[in-house]
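Grab a pencil and work through these short exercises with the structure open beside you. Try each task yourself before you read the solution under it.

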Amino acid sequence: AAVSLTNNGHLIQKIRFPTLLLPTHLVLSATVNQVIRCLVLIVAIALFTQTLSWTIFLVPVVMVVQCVFTLGVGLLLSVGTVYFRDMNHWVNAVLLLLMFLTPVVYPAAVYPRQYSLLLQLNPLAHLVGVYRELLLNGTLPHPHSVIIVLVSSAVSLLIGYSVFHHHQRQIADVV
């Protein structure tokens, strides 16, 4: 979504349409892709464990919250990339760093104690933890993590949409 406006600058300059559709389309298509992958994961969990927990029915709710978070970040980054073209390279570097800082392939318990504040401030770590509890452990996630995920998603969308809406008229001129 970060490069959705710059990659489609020719459309924005020639055709009058809501530019909000460009980053939103990419986020929604990535969400559909994630739904398909999650269904494959659920089938694999059912085959290997021979059981499924009722908490799997909460996964779509978490996916919607994740989509809201991603849309907010995508809107913010898409406007930033219009003004700062090299921002895409920084986004890729930060995403790679976040992948290693977020406990995806290792549990949060093995995170070094001196860096636990980084883990607590990372909303993606809480999102991964919520998915892990619902899908793999079959339990409800900690309310603290749920609150952080919900608040960070709402703040992300609020800030992203505000910045996007504020700069929407200038995007066609800058692209």
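**Exercise 1. Find the helix that holds Thr 31, then decide whether Thr 31 is buried or exposed.**

Step 1: Look for Thr 31 in this predicted model; you'll land in helix H3.

Step 2: Check the accessibility. Thr 31 has a relative accessibility of 18%. The cut-off for buried is under 20%, so Thr 31 counts as buried.

Step 3: See who shares that label. The buried residues of H3 are Leu 22, Pro 23, Thr 24, Val 27, Thr 31, Cys 38, Ile 42 and Ile 45.

Step 4: Try a distance. Thr 31 and His 167 are 136 residues apart along the chain, and their C-alpha atoms are separated by 26 Å.

**Exercise 2. Work out whether the end-to-end distance of H3 agrees with the span its 29 residues should have.**

Step 1: Get the expected span. You count 1.5 Å times one less than the number of residues, so the 29 residues of H3 should span 42 Å.

Step 2: Compare with the model. The end C-alpha atoms of H3 are 41 Å apart, which agrees.

Step 3: Step just past the end of the helix. There, Gln 50 takes a positive phi of about 60 degrees.

**Exercise 3. Say where Thr 55 sits and what it touches.**

Step 1: Place it. Thr 55 is in the loop between H3 and H4.

Step 2: Judge its cover. The relative accessibility of Thr 55 is 0%, so Thr 55 counts as buried.

Step 3: List its partners. If you skip residues up to four places away in sequence, Thr 55 touches Leu 134, Gly 138, Thr 139 and Leu 140.

**Exercise 4. Describe the largest nonpolar core and say which elements build it.**

Step 1: Start with the count. This core has 14 residues, and those with the most contacts inside it are Cys 38, Val 59, Val 62, Tyr 131 and Leu 135.

Step 2: Name the elements. Helices H3 (21–49), H4 (59–83) and H7 (123–137) each give two or more residues to the core. H7 gives the most, with 5 residues.

Step 3: Zoom in on Leu 135. Leave out its neighbours within four places in sequence, and Leu 135 is in contact with Cys 38, Leu 41, Ile 42, Ile 45, Ile 56 and Val 59.

Step 4: Don't stop at one core. A second, separate core has 12 residues, among them Val 27, Val 82, Phe 164 and Val 175.

**Exercise 5. Find the residues that make a nonpolar patch on the surface.**

Step 1: Pick them out. Leu 76, Ile 147, Val 151, Val 155 and Ile 159 make a patch of about 400 Å².

Step 2: Ask which helix gives the largest share. That's H8 (residues 143–174), with 4 residues.

Step 3: Test one member. Ile 147 is in helix H8. Its relative accessible area is 53% and the cut-off for exposed is over 50%, so Ile 147 is exposed.

Step 4: Set that beside a general trend. In soluble globular proteins, nonpolar side chains tend to be buried together.

**Exercise 6. Sum up the whole chain in a few numbers.**

Step 1: Count the elements. The chain has 8 helices and 0 strands.

Step 2: Give its dimensions. Along the principal axes, the C-alpha atoms fill a box of roughly 55 × 35 × 25 Å.

Step 3: Add the buried share. Of the 175 residues, 32% are buried.

Step 4: Finish with the surface. The accessible surface comes to about 11,100 Å², and 72% of it belongs to carbon and sulfur atoms.

Definitions and conventions
Residues numbered from 1 in each chain as written. Predicted model: local features only at pLDDT ≥ 70, side-chain atom pairs only at ≥ 80, totals over all residues. Heavy atoms only, no water. Core = buried A, V, L, I, M, F, W, Y, C linked by side-chain atoms within 4.5 Å. Buried < 20%, exposed > 50% of the residue type's maximum accessible area, 1.4 Å probe, protein only. Contact = heavy atoms within 4.5 Å. Patch = residues over 30% accessible without salt bridge, like charges linked within 9 Å, V, L, I, M, F, W, Y side chains within 5 Å. Areas by Shrake-Rupley, 256 points an atom, 1.4 Å probe, with all protein chains shown as cover. Salt bridge = Lys/Arg side-chain N within 4 Å of Asp/Glu carboxyl O.
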